[in-house]
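Here is a short tour for anyone meeting this structure for the first time. Have a look at the sequence and the model, and then read on about rings, cores and helices.

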Amino acid sequence: NDMWFLNKASVKDVGGESSTSKWSLCTVTEVEETKQILKLVPFVVTMFIPCTLIAQTNTLFVKQGTTMNRHMGPHFEIPPASLGAFVTLSMLITSVVYDRLFVKAARRYTNNPRGITLLTRMGIGQVIQVVTMATAALTENRRLSYARSHGLDVTGGHLPLTIFVLLPQYVLMGLADGFVLAGEIEFFYDQAPESMKSLGTALSLTAYGVGNVLSSFFLSLVARVTRERTGKAWVSNNLNASHLDYYYAFLTLLAVANCVAFAALASRYKYKVESTKTIDIDVDVQLKR
């Protein structure tokens with residue numbers, strides 16, 4: 001009954017021979033598959049902001065690291081981008097714990113073969129992203145206070161503060177990825193029609209590309225607007241004299257608004273019956289083994 005107006009495409013018009021043309025008459029299967037893809041589009045849009053937040057790990061998080069003490073011992077200095085490895089490590093650990101422990105425990109309470117629904121998994125990840133960006137804003141506020149107290153906001157020099165102060169925001173982002181990214185890929189692949197699985201995967205990958213574009217767009221927009229309004233951009237080449245903590249707070253608010261929109265969509269979404277039945281069969285087979 002969803003998107004009933006599309007049903008007209010499969011209604012045969014009693015008339016001439018042209019009424020049976022494949023260009024004017026679709027099968028019921030084609031109509032239902034089109035509906036299923038269209039139902040996924042709003043969720044693609046709600047993934048733009050989460051992917052924008054993920055893009056910060058390879059951009060502004062790294063730029064923060066370049067201003068801090070990166071020495072490990074007297075002769076070794078770690079590259080600022082190397083902390084990105086903790087995102088991957090955290091995501092891998094989260095995925096293993098989720099699949100091996102969390103799902104089995106959650107099944108006892110939810111009676112859901114997946115433990116929790118895919119959209120719930122993605123929603124949890126988005127909430128963790130909100131916490132991540134709030135943590136990043138507080139950490140940056142601390143870094144800026146340290147820079148100003150040492151007069152480094154004027155000179156733009158390196159802070160004696162260790163780069164590992166940034167580690168919590170990297171670990172939290174990896175934790176969020178284990179819910180958001182894994183759930184997103186599985187959701188779009190699982191909920192796409194059988195004949196359009198590759199399109200479902202493409203939809204999930206589209207969000208990454210748009211997220212990276214939005215990351216650059218928001219950064220340049222905020223920098224231009226704040227420069228015109230206050231005479232000083234929130235984000236400039238000299239991070240010690242900037243207000244990157246304000247920018248992170250702005251991204252946190254965007255993430256909160258996106259969570260609300262995502263929750264509204266998820267509460268109305270109806271999963272494919274076929275996917276649920278398939279999972280039930282797989283679980284029964286595993287239990288018999």
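In this predicted model, there are 15 aromatic pairs. Here, rings of Phe, Tyr and Trp (its six-membered ring) pair if their centres lie within 6.5 Å; planes under 30 degrees apart count as stacked, over 60 as edge-to-face and the rest as tilted. Take Phe61 and Tyr170: their ring centres are 5.4 Å apart and the planes stand at 70°, so this pair is edge-to-face. Phe61 sits in helix α3 and Tyr170 in helix α7, so to speak of distant parts of the chain is fair: 109 residues separate them. A second pair, Tyr98 and Phe102, has centres 5.2 Å apart and planes at 25°, so the pair is stacked. These two are 4 residues apart in helix α4 (residues 84-110), a separation of about one helical turn. Helices here are DSSP runs (H or I, at least four residues), as are strands (E, at least two), numbered from the N terminus.

How accessible are these four residues? The table gives the values, with buried meaning under 20% relative accessible area, exposed over 50%, and partly exposed in between (1.4 Å probe, protein chains only).

| Residue | Relative accessibility | Class |
|---|---|---|
| Phe61 | 0% | buried |
| Tyr170 | 0% | buried |
| Tyr98 | 5% | buried |
| Phe102 | 34% | partly exposed |

Rings also gather in a group: Phe43, Phe187, Phe188, Phe262, Tyr269 and Tyr271 form one aromatic cluster.

Some of these names return in the largest nonpolar core. A nonpolar core is a set of buried Ala, Val, Leu, Ile, Met, Phe, Trp, Tyr and Cys residues joined through side-chain atoms within 4.5 Å. This one has 53 residues, and Leu40, Phe187, Phe188, Tyr247 and Tyr248 touch the most other members. Helices α1 (28-46), α2 (48-55), α3 (60-66), α5 (118-149), α7 (167-191), α8 (197-230) and α9 each supply at least two of its residues, and α5 gives the most, with 8. Apart from this core lies another, of 6 residues, including Tyr98, Val103, Ile116 and Ala176.

Beyond its neighbours within four places in sequence, Phe188 is in contact (heavy atoms within 4.5 Å) with Leu40, Phe43, Val44, Met47, Gly200, Leu203 and Ser204.

Which helices cover the buried residues of α2? Among them are α1, α5, α7, α8 and α9. In α2, 8 of the 8 residues are buried, so this helix is largely enclosed by the rest of the structure.

Asp245 lies in helix α9 (residues 244-266). Asp245 is buried yet has no salt bridge, and the nearest side chain of opposite charge, Arg148, is 5.7 Å away. A salt bridge is a side-chain nitrogen of Lys or Arg within 4 Å of a carboxyl oxygen of Asp or Glu; Lys and Arg count as positive and Asp and Glu as negative, while His and the chain ends are not counted. Setting aside neighbours within four places in sequence, Asp245 is in contact with Ala137, Glu140, Asn141 and Leu144.

Residues are numbered from 1 along each chain as its sequence is written. Local features need pLDDT of at least 70 and side-chain atom pairs count only at pLDDT 80 or more, while totals for chains, interfaces and linings use all residues, and side-chain values use heavy atoms, leaving out hydrogens and water.
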